[in-house]
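Q: Please take a close look at one residue in this model and at the pocket it helps to line, and then turn to the other pocket and the cysteines.

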Amino acid sequence: NKFIKAKDLPKLNDKYDLFISGSDQIWNLKCSGGDDSYFLNFVKDKNKKNSYSASFGTNTPKLDEKHMNYIKDFNKISVREKSGENYLKANNVKSIKTCDPVFLLEKEKWESMAKTNNDRYILIYEVVNGVNMINFAKRLSKLTGLKILVITSSNKPILGIKTLRDIGPIKWLELMKNAEYIITNSFHGLAFSLIFNKQFFIELLSNSDSNTRMLELLDEVKLKSRLLKYTEVDNIGKIQFN
């Protein structure tokens with residue numbers, strides 16, 4: 001596949017019969033850097049414009065008139081959160097709610113991409129510095145005798161814990177697949193904890209607007225009890241995935 005610059009995207013109009021914009025936080029302007037390409041602004045025929053599981057990344061989305069008009073020009077729209085569906089409905093835009101694309105693959109397919117090993121550990125995966133995750137993991141480690149690994153992009157040192165930075169997607173999958181426990185503040189950390197049937201715990205982000213994705217998913221699977229604020233390490237219980 002060629003790398004295409006934004007200015008070259010209009011050339012694709014005559015080449016393709018269908019365009020699908022998706023997914024994650026493509027309609028969160030702060031996250032995308034205000035890139036209008038995610039709104040398919042370069043597609044001339046509105047019958048070709050569609051979205052799959054587009055996310056606004058917040059429970060209080062607020063688009064300006066220009067970007068809302070881009071969306072109103074779409075043929076078929078699906079979004080990832082109920083809050084996004086409600087927001088569009090309030091703006092007279094019809095959409096349906098669909099799952100994140102990572103759930104479209106069977107568990108076995110994801111497992112086949114990553115090695116299995118007998119290493120037992122507690123895995124912390126943070127997208128931003130966690131507040132209580134490290135302390136909770138240390139208490140859990142003391143209770144279980146398991147070591148702790150941390151996947152982070154932060155340069156902040158964590159004493160006594162092995163820190164993993166700049167790992168690739170396959171290694172990330174391997175670490176998720178083989179963990180005994182997962183503690184995370186990431187939506188996709190939660191998603192793959194569910195896919196791999198892991199005993200997991202979720203810490204919400206300090207910016208409450210950014211927690212919509214995790215809270216709605218936890219609601220759907222009736223596992224809000226796995227939020228750290230509701231969980232004591234000596235009374236953690238087990239998730240019955242059947």
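A: In this predicted model, serine 21 belongs to strand 1, which spans residues 19-21. Its relative accessibility is 5%, and because the limit for a buried residue is under 20%, serine 21 counts as buried. A polar atom of the serine 21 side chain lies 2.6 Å from the backbone oxygen of tyrosine 38, and Tyr38 also appears among the residues in contact with serine 21 once neighbours within four places in sequence are left aside, together with Ile26, Leu40, Asn50, Ser51, Tyr52 and Phe74.

Ser21, Tyr38 and Leu40 are also among the residues that line the second largest pocket, as are Phe19 and Ile20. That pocket has a volume of about 280 Å³, and its lining is made up of seven nonpolar, three polar and one charged residues.

The largest pocket holds about 650 Å³ of space and is lined by 29 residues, with Gln25, Asn28, Cys31, Gly57 and Ser210 lying nearest its centre. Helix 1 (29-32), helix 7 (187-195) and helix 8 (212-220) are the elements that each give two or more residues to this lining, whose residues divide into 13 nonpolar, 11 polar and five charged.

As for the cysteines, the structure holds zero disulfides. Cysteine 31 is in none, the nearest cysteine sulfur being that of cysteine 99, 20 Å away, and that distance is too far for a bond. Cysteine 99 itself is partly exposed, with a relative accessible area of 33%.

Definitions and conventions
Residues are numbered from 1 along each chain as its sequence is written. This is a predicted model: local features need pLDDT of at least 70, side-chain atom pairs count only at pLDDT 80 or more; totals for chains, interfaces and linings use all residues. Side-chain values use heavy atoms; hydrogens and water are left out. Helices (H or I, at least four residues) and strands (E, at least two) are DSSP runs, numbered from the N terminus. Buried means under 20% relative accessible area, exposed over 50%, partly exposed in between (1.4 Å probe, protein chains only). A polar contact is a pair of N or O atoms within 3.5 Å; within protein, one must be able to donate a hydrogen and the other to accept it, and residues adjacent in sequence count only if both atoms are side-chain atoms. Contact means heavy atoms within 4.5 Å. A disulfide is a pair of cysteine sulfur atoms within 2.5 Å. On a 1 Å grid over the protein atoms alone, a cavity is a set of points where a 1.4 Å probe fits but cannot get out, and a pocket is an open set with protein on both sides within 12 Å along at least five of seven lines; lining residues have an atom within 4 Å of a point. Grid points are joined across faces, edges and corners, and a volume is the space filled by probe spheres set on the points. Ala, Val, Leu, Ile, Met, Phe, Trp, Tyr, Cys and Pro count as nonpolar, Asp, Glu, Lys and Arg as charged, and the others, Gly among them, as polar.
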